[in-house]
Amino acid sequence: MGNSWGTQLSQPLAGTYVPASDTSCPAGTATTVVTTGAITTQFAGTFAPKLYGVLVILLGSTAPSALTVKFILGSGSAVDTYTVEPGLLVNSAELVVPIFLVGTSSDSAFAGAGSTINVQVTATGQAVTCKKVGSRILVQLSRGPDA
């Protein structure tokens, strides 16, 4: 059964996730700061993950030269990546980084056992800390067209 646009667009409920604790992110290492557990849908069809929110990131006495936020499914490769504007990376700053990440549509990633979404931070040159307080990510699966 295909998606019946205009008659039924069943959407899974969105979920909000926060870091379990303050997370140290060593330089040059993609560090998971938020994880969802398995995200599944009870509806057949194609779904695309969307992530919205903020991460509070504390820079050290020497700021990193680059900072990226990405999300992966399980232990896979990056689905979508955001690069923080380098001019914001100043010594001892505390940043509130907006997150708007979108994945590609899939009819299998969230069916059955589903997929875990991991939000990762990578700093270049110097370590950073992702703070628990003030950080939160909203994850939602959006219905896409069936093939």
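Visitor: Why is F100 called exposed?

Guide: Happy to start there. In this predicted model, F100 has a relative accessible area of 61%. Exposed means over 50%, so F100 earns the word.

Visitor: And why is Y52 called partly exposed?

Guide: Its relative accessible area is 31%. The middle class runs between the buried limit of 20% and the exposed limit of 50%, so Y52 belongs there.

Visitor: What makes Y52 and F100 an edge-to-face pair?

Guide: Two values decide this. The ring centres are 6.4 Å apart, and pairing asks for centres within 6.5 Å. The planes stand at 75 degrees, and over 60 counts as edge-to-face, so the name fits. By this rule the count is 1 aromatic pair. Y52 sits in strand β4 and F100 in strand β7, so the pair ties together parts 48 residues apart in sequence.

Visitor: Let's turn to S135. Why is S135 called buried?

Guide: S135, part of strand β9 (residues 128-144), has a relative accessible area of 3%. Buried means under 20%, so S135 qualifies. Leaving aside neighbours within four places in sequence, its contacts include V18, V54 and C130.

Visitor: How do you know that the side chain of T35 makes a polar contact with the side chain of N118?

Guide: The distance is 2.5 Å, and the cut-off is within 3.5 Å, so the pair counts as a polar contact. T35 belongs to strand β3 (residues 31-39).

Visitor: What makes T35 partly exposed?

Guide: T35 has 44% relative accessibility; that lies between 20% and 50%, so partly exposed is the right label.

Conventions: Residues are numbered from 1 along each chain as its sequence is written. This is a predicted model: local features need pLDDT of at least 70, side-chain atom pairs count only at pLDDT 80 or more; totals for chains, interfaces and linings use all residues. Side-chain values use heavy atoms; hydrogens and water are left out. Helices (H or I, at least four residues) and strands (E, at least two) are DSSP runs, numbered from the N terminus. Buried means under 20% relative accessible area, exposed over 50%, partly exposed in between (1.4 Å probe, protein chains only). Contact means heavy atoms within 4.5 Å. A polar contact is a pair of N or O atoms within 3.5 Å; within protein, one must be able to donate a hydrogen and the other to accept it, and residues adjacent in sequence count only if both atoms are side-chain atoms. Rings of Phe, Tyr and Trp (its six-membered ring) pair if their centres lie within 6.5 Å; planes under 30 degrees apart count as stacked, over 60 as edge-to-face and the rest as tilted.
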